[in-house]
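Let's take a walk through this structure, one piece at a time. Have the 3D view open as you read.

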Amino acid sequence: MTRVGFACAAGAAALGLALVAGAAPAASRSGIDYAGADVRAIQADDAQNPGMLWVDRGRALWNDGPRACAGCHGDAASSMKGVAVRHPAWSAAARRVVDLEDRINACRVERQRRPAFARESEDLNALTAFVATQSRGMPIAVDVTGPAQPAFERARDFYATRRGQMNLACASCHVENAGKRLLAETISEGHGNGYPAYRLEWQAVGSLQRRLRACLYGIRASLPPEGADVLTELELYLAWRASGLPVEAPGVRR
Amino acid sequence: MIDDASAPLPPLRSRARRRVLAAGGALVALRVVPVRAQTASELPQVAALTDDLAGRVPRFGRLSLDIPRLADNGNAVPLRIAMSGVFPAGTEIRSIRLYSPKNPVALMARFDFPAPPAKPAVDMRVRLAGTQRIAAIAELANGELHAAVADVDVTISACLDGT
Amino acid sequence: MAFARIQLPPSVKRGDAVEVRVSIRHPMETGFRVDDDGRTIARNTLKSLTCRYGDREVLRASLGSGIAANPYLRFHITAVASGDLVFEWIDDAGERGDARAALVVAG
């Protein structure tokens with residue numbers, strides 16, 4: 001992981017120039033590598049991983065109803081393989097970057113003709129976890145070129161900009177201080193490859209956007225609403241930073 | 001906040017460093033030999049536990065509580081209760097109870113074995129409301145009581161999560 | 001809809017000590033949390049959990065708020081004959097749940 005220093009928001013542009021869009025950062029480590037032995041043990045064992053209960057629920061939803069996902073997509077193990085690794089992605093239909101949750105909801109509304117799931121609802125997290133787990137172990141590979149590039153650049157700048165009462169940027173912790181201690185915890189590189197994840201703090205599976213909002217809360221910055229473009233675009237930037245890391249959904253984090 | 005005084009861990013680029021880091025990481029959530037209580041005076045003060053003992057004195061040494069010394073998160077801490085030694089007929093484990101002096105509810109869980117368990121152990125994940133010493137009491141078919149304690153440090157999350 | 005996972009070895013021999021692992025979707029609400037409107041969320045834990053193997057009860061448990069959400073248990077039973085392991089539970093709200101898995105015993 002290239003360590004770059006920056007002093008102010010102007011340095012963010014320099015940070016961006018140093019990492020050319022499309023040239024993914026050097027070898028990075030998943031959040032699970034920064035977790036304690038117990039969290040790692042729980043994630044490694046499907047019998048213990050509470051996230052699998054959400055995956056099971058997602059499987060039931062996949063097969064549920066007259067216009068079930070399975071009706072068009074059949075066996076998710078084959079049809080959804082590789083889907084999570086390329087999300088978030090530019091959607092020509094929506095004319096914006098969308099994440100996996102948006103994709104699922106778009107299908108639900110337009111194809112299944114059912115009401116959209118609420119963001120962070122148990123059902124949406126379950127279905128997203130189920131779809132994401134079909135790409136388990138596959139390396140993340142999102143496309144940040146073409147129509148997605150402006151979103152990528154906005155998010156890259158967001159990541160490097162100080163904000164909140166604590167005046168911290170994402171990079172302040174996850175680039176500048178990854179590996180150092182924050183109280184009793186070790187700061188990770190802030191990759192999202194374990195999401196949707198079962199967070200011990202939440203006692204439930206939650207989305208990457210929830211984790212980002214939690215981070216913003218932690219630095220006392222204002223929280224964008226769930227599903228906001230700024231959060232989806234940040235997910236895209238994070239997926240680019242995590243290029244090559246394996247999808248771990250459902251991950252376990254503290 | 002961020003502890004600048006601590007030596008920063010080197011960026012992980014090689015498998016060798018990864019192993020070293022893994023070893024160092026293991027030291028943080030250390031499964032040290034659990035505190036081996038020897039006498040009832042080392043049991044935590046829990047009214048429910050005192051009531052359940054009803055004046056009986058438990059034995060120490062055979063029952064163990066295997067739990068990390070430092071909990072990743074107080075919401076879910078893995079725990080194994082196990083009992084060593086042989087179990088001649090009539091001395092099988094009948095029940096296990098788990099007590100906390102700090103949780104709002106003192107009796108954390110109770111397990112009863114109508115049929116003798118094939119192995120004298122139960123694994124679970126517990127919720128701990130702060131750093132404390134928890135205690136387990138196992139009752140055998142012949143009425144013998146066995147006790148074990150474990151000290152667990154539970155730290156607060158570095159960043160508050162309002163979501 | 002109750003969601004639970006039961007993990008058993010694929011097949012065992014009569015007399016073997018069989019590892020049983022169960023994971024149950026349940027919030028194990030402590031009764032001490034408040035919702036966004038400041039109202040206390042009622043306590044809801046697994047007041048009663050039983051495991052039957054064939055026609056014998058092998059485990060009875062009462063899991064309180066001191067057990068983590070989405071409880072996980074691991075214990076061992078002695079393999080006798082092929083049959084179902086059936087978990088049943090009642091929580092403080094009176095909701096019942098159940099899950100079963102087949103144990104295949106050779107010899």
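What follows goes from one chain on its own, to a contact between chains, to a pair of packed helices. Keep in mind that this is a predicted model.

Let's begin with chain B. It has two helices and nine strands, and if you read along the sequence, both helices come before the strands, in the pattern α-α-β-β-β-β-β-β-β-β-β. Of its 163 residues, 33% count as buried. If you're into contact maps, look away from the diagonal: among the contacts in chain B with a separation of 6 or more, 68% are between residues 24 or more positions apart.

Now bring chain C into view. The contact between the two chains draws on 25 residues from chain B and 24 residues from chain C. On the chain B side, β6 (107-112) and β7 (121-126) each supply at least two residues. Which element gives the most to that side? That's β6(B), with six residues. Sorted by class, the side of chain B that touches chain C comes out as 16 nonpolar, three polar and six charged residues.

β6(B) also pairs with a strand across the chain boundary: together with β5 (residues 56-63) of chain C, β6(B) forms an antiparallel pairing over four bridges. If you want one spot to zoom in on, try B:Arg110, whose bridge partner in β5(C) is C:Ser62.

Over to chain A and its helices. Two packed helices are described by the angle between their axes and the distance between the axes. Helix α3 (residues 51-62) of chain A and helix α7 (residues 122-133) of chain A pack at about 95°, with their axes 7 Å apart. Angles of 65 to 115 degrees count as roughly perpendicular, so α3(A) is roughly perpendicular to α7(A). The residues making the contact include A:Trp54, A:Leu61 and A:Trp62 on the α3(A) side, and A:Leu127 and A:Phe130 on the α7(A) side. By class, the contact of α3(A) with α7(A) divides into eight nonpolar, four polar and three charged residues.

One last stop is A:Ala70, which sits in helix α4 (residues 69-73) of chain A. Leaving out residues up to four places away in sequence, A:Ala70 touches A:Trp62 and A:Asn63. The C-alpha atoms of A:Ala70 and A:Arg59 are separated by 9.5 Å, with the two residues eleven apart along the chain. Is A:Ala70 buried, exposed or partly exposed? There are 16 other C-beta atoms within 10 Å, so A:Ala70 is partly exposed: being buried takes 20 or more, and being exposed 12 or fewer.

How values were computed. Residues numbered from 1 in each chain as written. Chains lettered and ligands numbered in written order. Predicted model: local features only at pLDDT ≥ 70, side-chain atom pairs only at ≥ 80, totals over all residues. Contact = placed C-beta atoms within 7 Å. Nonpolar A, V, L, I, M, F, W, Y, C, P; charged D, E, K, R; others polar. Pairing = 2+ DSSP bridges. Axes fitted to C-alpha atoms, helices over the stretch in contact; angles between N-to-C directions. Parallel < 35°, antiparallel > 145°, perpendicular 65-115°, else oblique.
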